[in-house]
Each structure stands twice: as C-alpha cells, then as structure tokens.
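Trainee: Could you take a close look at the contact between the two chains for me, and then follow the charged and aromatic side-chain pairs outward from there? I would like one connected account rather than a list.

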2 protein chains.
Amino acid sequence: MTFRPETAAPINELVNILLRGESALTRGERELIATHVSWRNDCFFCQTIHGAVAAAQMGNDEQLVQRVKTDWESTDISPKLKALLNIAGKVQLGGKHVTAEDVLAARQQGATDLEIHDTVLIAAVFCMANRYVDGLGTWAPSDPAIYRERAMEIVEHGYTAVTEAATVLVQR
Amino acid sequence: MTFRPETAAPINELVNILLRGESALTRGERELIATHVSWRNDCFFCQTIHGAVAAAQMGNDEQLVQRVKTDWESTDISPKLKALLNIAGKVQLGGKHVTAEDVLAARQQGATDLEIHDTVLIAAVFCMANRYVDGLGTWAPSDPAIYRERAMEIVEHGYTAVTEAATVLVQR
C-alpha cells in the first residue's frame, strides 16, 4: 500500500465502509467474518490483524476469535452470525457456491438484505486482500503483540488512517 | 452497485485506476488480464463485459479475447503479457501460488515492479468482483450486443461513470 498509494486509498475506503460504517452487525462481528475468510485463504497477515481487531472489539476474547476461525459452527455466537459465516465461507470457495438455501437460512435468522449483501462483499473483499498480500509475498511480523498494538490504532482511527500514514511515508 | 452505491464508488475507482490509469500496459492488455481471471472464476458477466471492453480496445478482435481466456499460452500476444497472465492465473488460485520464478520470468520479459504489482492487484480485484457478482446471484443479460454497447460507453467514459449512473438511478 505504501508502494502504490493511489490504489490503497479506495481499498481502505471500501474496507472502512464495510467493517466500520453504519450496520446492524457490530464491528466485532464484521471483523470476525473478515478473519474467518482470511483464515480459510491461509493469509497469516490478514487473519492475524483482523483477528486482533475483532478481539479488541469483543472484550479481548482471543479464544473466541480462534474458534470462529476454525470451528464457528460449535462456537457461542448468534445463529444469525453463524448463517452469515456460512455464506462467507461459500463466497471464499467461489460466488456460485452460495445457494438460495444459504440466503434463506440467513433471512430466517433475521439477517436483512443489506447484511447479506455486506457479508458477501466483505468475504469477496478479503478474497482480494488475501491474494494481494500473499501474491506479492509481503513480509509480515510474527509477534502477536505488534498486531494487538496496530489493532488498537485501527479501532481508534479506522482503515483510512492507514492510507494517510502510507501517503506521509511516501512523501518523506 | 445500485443497491449499495457507498461501496460501489471505491470499487469503481479502484477498477478505473487499475484498468484505465497511467500504465506501461495498454488498456486492452489490462482488460485481457481481468477477462482471463474472470473466465477462470467462471463469472459470465465479468468475462463478457471485460472481454468486450478488451476487444473494443484491441481492434475489435473478439477471437483474440476468446483465445486469451482459454489458451493464452499459444496465442499471439507479447511474451511479457504471457508472463503476466501466468502470474494472474496463479493469483486466481490463491496468493501463495505465485512463485519467485513466476516473478523472475515476468522481469526477464521486461515487466517492471509496478506492472507486476498491478497484475497481482487486477487479478485479486477480479477475484473479488467475480465473487460479488455470483455470490449475490446477479442477473446478467445474455445478448452479446448489449455487452458490446456497454463496452463502448466504458471505453469512452470509464468505470467511475458507472457509479455516477447508479447514483442517479438511486436518487430518482
């Protein structure tokens, strides 16, 4: 994103709207969807940073984040979030894997069209982000403390602040 | 995109920069990369509209577009574009499929870091777009003439005009 700030700007704007904009889903729930998809795509950086942001917004429950990655079906989350995670997992495989039954199941748990739309788009956006990070062989720190610290900044300032920081770095 | 213009705006801005912004790759070549990835993801709408935009910018050579979808290796395109299509195909499978050898092969054909970056990001963006379109079960017209006509508008006005048209539609 520092290498190409022109494209980083709309990416971060999109992520900011989806994960932090107005929604009936909490910010923590939306970060869990992003984290689950990133785990499915085996993207270390994305699952770790978004997992840390999810935990920071869900009472620092890192155990919960871990369970949502690997075993959301037997985790103590709402039936609506489970139905949305099911859709997100199908999107990760490919858009055509999502069935009318998957959408109906989410509606039956109270999900609105907007929540279903945003779930599909969050999952699709992370299929992009994961490929962008790993396709370029991006280096990522391994220390969890670094991700917890960055997560606190994201919780406070959002994703567009990432673009601004990158732009400042380029201008130096 | 009409349903959610807030997210359509950054998506179209991103696509516009990547497929129409300043680049050593022609607009036609970049549309071919988008078309090839969309074909790999079996997304009818994206491969047809971006295939039509590619053809419109490459002497209306629809045969060439068809060959780049299914058999780019034996098609009469530059070795550099072939090396980039190879990278794009790996990104479609998943970011970690791209190897140092793939990147080296593109550099040996004269691809710059920016061209390699943009190829990875175009492929990643279409892995998002394809999932967005098919994950929501979006209806798409089947008549090729409709795509040729829309392609002419995109060639003339770009992708951000799509956002503006959608916004007008919503405001009505």
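Mentor: In this predicted model, Arg4(B) is joined to Asp118(A) by a salt bridge whose closest N and O atoms are 2.7 Å apart. That bridge belongs to the boundary between chain A and chain B, where the count is four salt bridges, and where 10 residue pairs are in polar contact, both residues being at pLDDT 80 or more. On the side of chain A that touches chain B, the helices α1 (5-20), α5 (79-93) and α7 (113-135) each supply at least two residues, and the largest share, 14 residues, comes from α7(A).

Taken as a whole, the boundary has 33 residues of chain A in contact with 33 residues of chain B. The two chains bury about 3100 Å² between them, and 71% of this lies on carbon and sulfur atoms. Within the area that chain A buries against chain B, Arg4(A), His117(A) and Arg131(A) supply 21%, which is more than any other three residues.

The nonpolar side of the picture can be taken next. The largest nonpolar core has 100 residues, and those with the most contacts inside it are Val125(A), Phe126(A), Val125(B) and Phe126(B), so named from both chains. If residues up to four places away in sequence are set aside, Phe126(A) touches Val15(A), Leu19(A), Ala34(A), Val37(A), Ser38(A), Asn41(A) and His50(A).

Charged pairs also occur inside a single chain, and the structure holds 14 salt bridges over all chains. In one of them the side chains of Arg148(A) and Glu62(A) meet at 2.7 Å, N to O, and this pair links distant parts of the chain, with Arg148(A) in helix α8 of chain A and Glu62(A) in helix α4 (residues 62-71) of chain A, 86 residues apart. How far are these two side chains open to the surroundings, buried or exposed or in between? Arg148(A) is partly exposed, with a relative accessible area of 42%, and Glu62(A) is likewise partly exposed, at 40%.

Another pair in chain A is formed by Lys80(A) and Glu115(A), whose side chains meet in a salt bridge at 2.8 Å, N to O. Because Lys80(A) lies in helix α5 of chain A and Glu115(A) in helix α7 of chain A, the pair ties together parts that are 35 residues apart in sequence. Here Lys80(A) counts as buried at 19% relative accessibility, a value to be read with care since the cut-off for buried is under 20%, while Glu115(A) is buried with a relative accessible area of 3%.

Turning to chain B, Glu62(B) forms a salt bridge with Arg148(B), and the closest N and O atoms are 2.7 Å apart. This pair links distant parts of chain B, with Glu62(B) in helix α4 (residues 62-71) and Arg148(B) in helix α8 (residues 144-157), 86 residues apart. Glu62(B) is partly exposed, with a relative accessible area of 41%, and Arg148(B) is partly exposed with a relative accessible area of 41%. Back across the boundary, salt bridges that share partners join Arg4(A), Glu6(A) and Asp118(B) into one network.

The aromatic pairs complete the account, and their count comes to four over all chains. One of them is Phe44(A) with Tyr147(A), an edge-to-face pair at 6.0 Å centre to centre with 90° between the planes. It links distant parts of the chain, since Phe44(A) is in helix α3 (residues 44-56) of chain A and Tyr147(A) in helix α8 (residues 144-157) of chain A, 103 residues apart. Phe44(A) is partly exposed, with a relative accessible area of 40%, whereas Tyr147(A), at 1% relative accessibility, counts as buried. The rings of Phe45(A) and Tyr147(A) have their centres 6.0 Å apart and their planes at 55°, so this pair is tilted. Because Phe45(A) lies in helix α3 of chain A and Tyr147(A) in helix α8 of chain A, the tilted pair ties together parts 102 residues apart in sequence. Phe44(A), Phe45(A) and Tyr147(A) thus form one aromatic cluster.

Technical notes. Residues numbered from 1 in each chain as written. Chains lettered and ligands numbered in written order. Predicted model: local features only at pLDDT ≥ 70, side-chain atom pairs only at ≥ 80, totals over all residues. Heavy atoms only, no water. Phe/Tyr/Trp six-rings, centres within 6.5 Å; stacked < 30°, edge-to-face > 60°. Helix = DSSP H or I, 4+ residues; strand = E, 2+ residues; numbered from the N terminus. Buried < 20%, exposed > 50% of the residue type's maximum accessible area, 1.4 Å probe, protein only. Core = buried A, V, L, I, M, F, W, Y, C linked by side-chain atoms within 4.5 Å. Contact = heavy atoms within 4.5 Å. Buried area = accessible area lost by both parts, 1.4 Å probe. Polar contact = N/O pair within 3.5 Å; in protein donor to acceptor, adjacent residues only side chain to side chain.
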